[in-house]
Amino acid sequence: MRVVRGVPAGCEDEVAALYWEAFGRKLGAALGPAAAGRAFLAEHLNHDRGIVVLGDDGRAVLGVAGYRLGGRALLGGTAGDVLARYGRVRGLPRVALLAILERTAARGELVMDGICVAPQARGGGIGGRLLDEVAAVATEEGCRRIRLDVIDVNPRARALYERNGFTAVRTHRTPYLRAMMGFGAVTTMHRAMGAPTERRGA
């Protein structure tokens, strides 16, 4: 396995497919159906805001982590891009839903834009390696902490974050999103730079 900063050219579709597999339940209402959503994600990636784990063949994407820094995240695309893809009538509600999911980084903060590991590669430590590399980026950029949000229906992800030095700081109940996006609460977690970790997984 090899950890690579930046999404390599030609891997866009694989990265988009992994993201959709992990977050399609949350993104489906805004970017679905699945084929359209994956195509939108692949077309609007900011390649320099991602970290990828490649398989031994150097091509298969086994894991990916995205982050927001300097106002840009791995998952890009503007409101205009959404309207161009889905049309004005269908696009405007989608823009509103995406705005709900938007996260802005505070000064000195790197915000994670999602992490996902291919099903066949889970349990091999890829999630921990991705988080290590995200932490290295945050350190190099002079960030004092990493922030992420995890939804209540993803306990596996929360356990990974806790094993890698993240602590929950607040939980925001979102019952109005359960029927639409499949989750009813979002927990914000922080990792201070230099925080010790116990063990890594995923």
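Phe-23 counts as buried, at 15% relative accessibility. Its ring partner Tyr-19 is buried too, with a relative accessible area of 1%. Keep in mind that this is a predicted model. From that ring pair, the tour below moves on to the helices, the sheet, the cysteines and a few odd spots in the backbone.

**Rings and a charge**

- A search of the whole structure turns up three aromatic pairs. One of them is Tyr-19 with Phe-23, a tilted pair with 5.3 Å from centre to centre and 55° between the planes.
- Why do Tyr-19 and Phe-23 sit about one helical turn apart? Because they are four residues apart in helix α1, which covers residues 12-31.
- Tyr-86 has a charged visitor: the charged end of Arg-94 sits over the ring of Tyr-86, 4.2 Å from its centre.

**From helix α1 to helix α2**

- Asp-13 also belongs to helix α1. Is Asp-13 buried or exposed? With a relative accessible area of 59%, Asp-13 is exposed, because anything over 50% gets that label.
- Asp-13 and Phe-40 are 27 residues apart in sequence, and their C-alpha atoms are 9.9 Å apart in space.
- Phe-40 itself is buried in helix α2 (residues 34-43), along with Ala-36, Gly-37, Leu-41 and Ala-42.
- So what covers those buried residues of α2? The cover includes α1 and α3, the latter spanning residues 79-86.
- Pro-33 lies in the loop between α1 and α2. The bond joining Gly-32 and Pro-33 is a cis peptide bond, with omega at about 5°. For context, most peptide bonds are trans.

**The seven-stranded sheet**

- The sheet is open and has seven strands, in the order β1-β2-β3-β4-β5-β7-β6, with mixed pairing. As a reminder, strands of a sheet pair through backbone hydrogen bonds, either parallel or antiparallel.
- Which strands are at the edges? They are β1 (2-5) and β6 (167-173), and each pairs on one side only.
- From one strand to the next, the twist averages 25°.
- Helix α5 (residues 126-140) packs on this sheet, touching β1, β2 (50-54), β3, β4, β5 (145-151) and β7 (185-192). The direction of α5 makes about 160° with that of β4.

**A look at strand β3**

- Eight of the eight residues of β3 are buried, so this strand is largely enclosed by the rest of the structure.
- On one side, β3 pairs with β2 in the antiparallel sense over five bridges. Within that pairing, Gly-50 stands opposite Gly-66 in β3.
- β2 and β3 form a hairpin, with six residues between them. In the turn, Gly-58 has a positive phi of about 75°. Most residues other than glycine have a negative phi.
- β3 (residues 61-68) also pairs with β4 (residues 109-117), again in the antiparallel sense, this time over six bridges.
- What stands opposite Gly-63 in β4? That would be Val-117. Tyr-67 has its own bridge partner in β4, namely Met-112.

**Cysteines**

- How many disulfides does the structure hold? Zero.
- Cys-116 is in no disulfide, and the nearest cysteine sulfur, that of Cys-11, is 13 Å away. A disulfide would need the two sulfur atoms within 2.5 Å, so that pair does not qualify.
- Cys-116 is buried, with a relative accessible area of 4%. Cys-143 counts as buried as well, at 8% relative accessibility.

**A loop after helix α5**

- Gly-142 is found in the loop between α5 and β5. With a relative accessible area of 57%, Gly-142 is exposed.
- Gly-142 and Met-193 are 51 residues apart along the chain, while 9.3 Å separates their C-alpha atoms.

Key:
Residues are numbered from 1 along each chain as its sequence is written. This is a predicted model: local features need pLDDT of at least 70, side-chain atom pairs count only at pLDDT 80 or more; totals for chains, interfaces and linings use all residues. Side-chain values use heavy atoms; hydrogens and water are left out. Rings of Phe, Tyr and Trp (its six-membered ring) pair if their centres lie within 6.5 Å; planes under 30 degrees apart count as stacked, over 60 as edge-to-face and the rest as tilted. Helices (H or I, at least four residues) and strands (E, at least two) are DSSP runs, numbered from the N terminus. Buried means under 20% relative accessible area, exposed over 50%, partly exposed in between (1.4 Å probe, protein chains only). A charge sits over a ring if NZ of Lys or CZ of Arg is within 6 Å of the ring centre and within 35 degrees of the ring normal. Two strands pair if DSSP finds at least two bridges between them. Axes are lines fitted to C-alpha atoms, for helices over the stretch in contact, and angles run from 0 to 180 degrees between N-to-C directions. Contact means heavy atoms within 4.5 Å.
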